[in-house]
Amino acid sequence: MATPGQDKHESTRSGQIDLGASMAAVTEAAAIAATGWIGLGRKEDGDGAAVEAMRAAFAGQPVSATIVIGEGEKDDAPMLYSGEKLGKGGPALDIAVDPVEGTNYLAKGMPGAIAVLAASPEGTMFRPKSAFYMDKLVVPPVAANAIDPEAPVGDRLRTLARALGKAVKEIRVFVLERPRHQQLISDIHEAGASVRLAPDGDVLGSIKALLGERVDALMGIGGTPEGVISACAARALGAGMWGAMAPQSDQERARVERDGLKPGQILTRDELIASDEVMFAATGITGDDMLEGVRYTGGRVLTETLLIGNGMLRWVRTERNHT
Ligand code: VTB
């Protein structure tokens with residue numbers, strides 16, 4: 001017989017599972033809408049189609065969601081702007097959306113574009129305000145408590161290797177290929193580890209790092225919104241993540257400081273997402289070695305979605321009639 005405590009746990013869990021289904025419906029709608037724009041060289045149009053589809057799909061979901069990380073501030077983005085309320089009523093949630101993460105991949109018809117959504121209870125998601133860039137470190141759960149995020153790169157890699165039971169030369173680090181990462185890349189090489197450079201898409205890079213799939217860590221500076229979204233997945237699985245605001249221009253630095261954020265100050269995963277009740281959903285658009293893209297076959301459309309929440313990872317493959 002279940003004790004009252006277990007009952008409570010069960011009801012929370014089934015709530016999370018319903019939330020997962022709602023979130024998958026939203027990212028799948030965005031991914032399907034974006035496929036019409038694969039390889040057409042028009043990233044804004046592809047993003048716009050995904051934004052519209054995501055917003056329409058949200059209208060039918062049993063949530064009261066507030067967008068914390070959206071397509072921009074109210075007057076700049078007509079839909080999915082920060083502060084917009086979505087859903088037909090239900091649990092009060094903070095939501096982070098990225099209808100197409102990797103718009104260049106979409107426009108070029110390259111692997112790696114995904115539709116992403118993350119949710120946590122109202123008031124628990126970090127507000128990046130004007131902080132566009134974040135310096136990130138993501139590691140799998142087994143290393144979450146071992147790493148000192150302020151230690152030099154080589155020390156962090158040696159600690160990570162010990163925690164994973166690997167040699168440093170086996171450690172693979174996802175890094176965005178950017179001129180700003182020259183020093184980081186040479187520090188990684190100096191330590192004896194290797195890089196996996198990618199032109200875009202550090203959400204998928206973070207997911208791979210926290211799962212220890214194809215890479216063992218993510219390091220370097222990418223978008224703050226992408227960082228907060230990744231922190232949801234890290235928290236759900238007990239993985240390690242840290243992020244520090246890393247303004248890339250004097251103007252950004254001034255805006256960040258005006259907003260009361262301190263450049264360089266390291267925020268922990270739990271400061272980025274202050275709840276365990278999180279859900280992350282990603283649907284493949286163009287496909288990747290980890291997440292299938294949208295496929296059309298025999299009058300049906302097939303999607304693959306990764307749901308991470310409540311300590312669980314679920315792969316959801318869905319077939320719908322293609323209308
Ligand atoms: C990263 C990457 C994204 O932005 O966050 C990156 O994950 C950061 O911006 O896919 P820069 O391109 O200016 O370095 C994206 O590439 C999305 O634009």
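These legends go with close-up views of a sheet and two helices in a predicted model. Residues are numbered from 1 along each chain as its sequence is written. In this predicted model, local features need pLDDT of at least 70, side-chain atom pairs count only at pLDDT 80 or more, totals for chains, interfaces and linings use all residues, and side-chain values use heavy atoms, without hydrogens and water.

**View 1. An open sheet of 6 strands.** The strand order is 7-6-8-5-9-10, with mixed pairing. Strands (E, at least two residues) and helices (H or I, at least four) are DSSP runs, numbered from the N terminus. Two strands pair if DSSP finds at least two bridges between them. Strand 7 (194–198) and strand 10 (266–268) each have a single partner strand, so one side of each lacks a neighbour in the sheet.

**View 2. Strand 5 beside strand 8.** Strand 5 (residues 133–139) and strand 8 (residues 217–223) run antiparallel, joined by 6 bridges. Val138 stands opposite Leu218 in strand 8. Helix 6 (residues 202–211) packs on the sheet and touches strand 5, strand 6 and strand 8. Contact means heavy atoms within 4.5 Å.

**View 3. The two sides of helix 5.** Leu184, Ile185, Ile188 and Ala191 are buried (under 20% relative accessible area; exposed is over 50%, partly exposed in between; 1.4 Å probe, protein chains only). These four cover an arc of only 125° around the axis, so they lie on the same side of helix 5. The arc is taken from the directions from the helix axis to the C-beta atoms. On the other side, Gln182, Gln183 and Glu190 are exposed.

**View 4. Cover and end of helix 5.** The cover over its buried residues includes helix 4 (153–164), strand 6, strand 7 and strand 8. Just after helix 5, Gly192 takes a positive phi of about 100°.

Conventions:
Axes fitted to C-alpha atoms, helices over the stretch in contact; angles between N-to-C directions.
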